[in-house]
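Q: I would like a close look at a single part of this protein's surface, set in the context of the whole chain. Please consult the structure shown here.

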Amino acid sequence: MIISASRRTDIPSFYSDWMFNRLKEGYVCVRNPMNIHQISQISLSPDVVDGIVFWTKKSYTYA
């Protein structure tokens, strides 16, 4: 499974500590934006996750 993370929230810029803690715990809880009462627990285990794509709004310049 490939996880597309931080489309609504800029995790790399503002919540990297939170993300590292979630990776260490091995799961993340996600609320369904269309049904706020539905919460899913998603495994972040290397056995399940093939990759994570992080989206950010910051632009980086490399020299």
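Which residues make the nonpolar surface patch of about 300 Å²?

A: In this predicted model, the nonpolar surface patch is made by three side chains: Ile2, Val53 and Trp55. Its area is about 300 Å².

Ile2 may be placed more exactly. Ile2 belongs to strand 1, which covers residues 2-5. The relative accessibility of Ile2 is 64%, and because exposed means over 50%, Ile2 counts as exposed.

The setting of this patch is a chain with 2 helices and 4 strands. Read from the N terminus, the order of elements is β-α-α-β-β-β. Taken along the principal axes, the box filled by the C-alpha atoms is roughly 45 × 30 × 20 Å.

Contacts across the sequence complete the description of the fold. Of the contacts between residues at least 6 apart in sequence, 55% join residues at least 24 apart. Buried residues account for 16% of the 63 residues in the chain.

The surface as a whole may be described in similar terms. The chain exposes about 5,400 Å², and carbon and sulfur atoms supply 55% of that area. As for charge, the chain carries 7 positive and 5 negative side chains. The centres of these two sets are 11 Å apart.

To return to the part in question, the patch joins Ile2 of strand 1 with Val53 and Trp55 in a nonpolar surface of about 300 Å².

Notes:
Residues numbered from 1 in each chain as written. Predicted model: local features only at pLDDT ≥ 70, side-chain atom pairs only at ≥ 80, totals over all residues. Heavy atoms only, no water. Buried < 20%, exposed > 50% of the residue type's maximum accessible area, 1.4 Å probe, protein only. Contact = heavy atoms within 4.5 Å. Areas by Shrake-Rupley, 256 points an atom, 1.4 Å probe, with all protein chains shown as cover. Lys, Arg positive; Asp, Glu negative; His and termini not counted. Charge placed at Lys NZ, Arg CZ, Asp CG, Glu CD. Patch = residues over 30% accessible without salt bridge, like charges linked within 9 Å, V, L, I, M, F, W, Y side chains within 5 Å. Salt bridge = Lys/Arg side-chain N within 4 Å of Asp/Glu carboxyl O.
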